[in-house]
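The exercises that follow are meant to be worked with the sequence and the coordinates open side by side. Each task is followed by a solution that proceeds step by step.

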Protein chains: 2
Amino acid sequence: MAGAGCEGTSTVTVRTLDHPARADIRLEAVLHALSDPVRLQVVRFLAGLAEGEEAPCSAIDLAVTKSTTTHHFRVLREAGLIHQVYRGTAKMTAIRRADLDALFPGLLDAVLTADAARRSRVPVG
Amino acid sequence: MAGAGCEGTSTVTVRTLDHPARADIRLEAVLHALSDPVRLQVVRFLAGLAEGEEAPCSAIDLAVTKSTTTHHFRVLREAGLIHQVYRGTAKMTAIRRADLDALFPGLLDAVLTADAARRSRVPVG
DNA sequence: GTCAAACTACGATACACATCGAACTACGGC
DNA sequence: GCCGTAGTTCGATGTGTATCGTAGTTTGAC
């Protein structure tokens, strides 16, 4: 059966992922997504990449299982923080910086700056 | 029994409230506190007051019961977003802007700006 | 086709949270 | 002392969430 059992897939087997449009990104959802340490780690990693650069889920060393990782990536995607696309066996992820900066100017930078400052105070987190 | 049954009260009946020190304010807790619409409304109201100005809980018209209001104010206080002090029968609340701006420069303003922008797009929220 | 790698789905679990109503406490005024 | 106002506490409830393990799907390589 084509495309069965795949979250966000249309009838044909193309493996597409649903993303909220820029206008549908909600501030509360973004703040909630950022309030989890695992997800903040993901965002921190992606924000450290070059503009538009992608990374597979496996590139980030998270202290949780793969199924939990899938969960967190979905929360980030549905909140509008990241964009994901299948490329071969990997699922490439990039941060939606342009959308975020347009909707919430300075928010992402403020969070990343605050997070970096805290991490420099408390060496290992 | 002196001071029994009062959250954060010391042995003598003085009704003191515990607040985290500036250094103990955690970014995740702040983001989580801001990710609830009721609490965001409280912060928006307090941020609109003059510098250092206080307001009683009852000054904000929230669409929840008093016990739920108590809950949200406690979340905000324990996250380090607000400072509360008893004054007569009222509990006066002020935003901890200096602490927040020192720890997370630009974060509160970015959230408030984004919230204001969204509220101007969607008139009633 | 077979196999391994990458990721997903599902069910379970344990915990956190937003909400309420009802009963209670603290304070100021009469 | 009595009462009203402001806020708290407690228990309950329904919902959300972070986590896991196991089993499954998809894809590229062989």
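Is B:Glu28 buried or exposed? With a relative accessible area of 9%, B:Glu28 is buried, where buried means under 20% relative accessible area, exposed over 50%, and partly exposed in between (1.4 Å probe, protein chains only).

**Conventions**

This is a predicted model, in which local features need pLDDT of at least 70 and side-chain atom pairs count only at pLDDT 80 or more, whereas totals for chains, interfaces and linings use all residues. Residues are numbered from 1 along each chain as its sequence is written, chains are lettered from A and ligands numbered from 1 in the order in which they are written, and side-chain values use heavy atoms, with hydrogens and water left out.

**Exercise 1. Describe the fold of chain A and the surroundings of its helix α1.**

Step 1. Chain A has five helices and three strands, taken as DSSP runs numbered from the N terminus (helices H or I, at least four residues; strands E, at least two). Read from the N terminus, the order of these elements is α-α-β-α-β-β-α-α.

Step 2. Chain A comprises 125 residues, of which 42% count as buried. Among contacts (heavy atoms within 4.5 Å) in chain A between residues at least 6 apart in sequence, 60% join residues at least 24 apart.

Step 3. Turning to α1(A), seven of its eight residues are buried, and A:Leu27, A:Glu28 and A:Leu31 are among them. The buried residues of α1(A) pack against α2, α3 (66-79) and α5 of chain A, and also against α1, α2 and α5 of chain B.

**Exercise 2. Characterise the interface of chain A and chain B.**

Step 1. Count the residues: 19 from chain A and 19 from chain B take part in the contact.

Step 2. Consider the area: about 1,700 Å² is buried between chain A and chain B, and carbon and sulfur atoms give 71% of it; buried area here is the accessible area (1.4 Å probe) that two parts lose on being put together, summed over both. In chain A, the residues that lose the most area to chain B are A:Leu27, A:Glu28 and A:Leu31, together 31% of what that side buries.

Step 3. List the polar terms: there are two residue pairs in polar contact between chain A and chain B (both at pLDDT 80 or more), a polar contact being a pair of N or O atoms within 3.5 Å, of which, within protein, one must be able to donate a hydrogen and the other to accept it, while residues adjacent in sequence count only if both atoms are side-chain atoms.

Step 4. Assign the surface to elements: α1 (27-34), α2 (37-47) and α5 (107-121) of chain A each give two or more residues to the side that touches chain B, and the largest share, seven residues, comes from α5(A). By class, that side of chain A has twelve nonpolar, three polar and four charged residues, where Ala, Val, Leu, Ile, Met, Phe, Trp, Tyr, Cys and Pro count as nonpolar, Asp, Glu, Lys and Arg as charged, and the others, Gly among them, as polar.

**Exercise 3. By what turn and shift can chain A be laid on chain B?**

Step 1. A turn of 180° with a shift of 0.0 Å along the axis lays chain A on chain B with an RMSD of 0.0 Å, the copies being superposed by least squares on the C-alpha atoms of residues with pLDDT of at least 70 in both.

Step 2. That is the relation of a two-fold axis. The same surface serves both copies, since 100% of the contact residues of chain A recur in chain B.

**Exercise 4. Trace the salt bridges across the interface and the network that extends from one of them.**

Step 1. The rule (a side-chain nitrogen of Lys or Arg within 4 Å of a carboxyl oxygen of Asp or Glu) finds two salt bridges across the interface of chain A and chain B.

Step 2. A:Glu28 pairs with B:Arg118, with the closest N and O atoms 2.9 Å apart. B:Glu28 and A:Arg118 also form a salt bridge (2.9 Å, N to O); B:Glu28 lies in helix α1 of chain B and A:Arg118 in helix α5 of chain A, so this pair joins two chains.

Step 3. Within chain B, B:Arg44 forms a salt bridge with B:Asp115 at 2.7 Å between the closest N and O atoms. Because B:Arg44 belongs to helix α2 and B:Asp115 to helix α5 of chain B, the pair ties together parts that are 71 residues apart in sequence. B:Arg44 is partly exposed at 25% relative accessible area, whereas B:Asp115 is buried at 1%.

Step 4. Assembling these, A:Glu28, B:Arg44, B:Asp115 and B:Arg118 are linked in a network of salt bridges.
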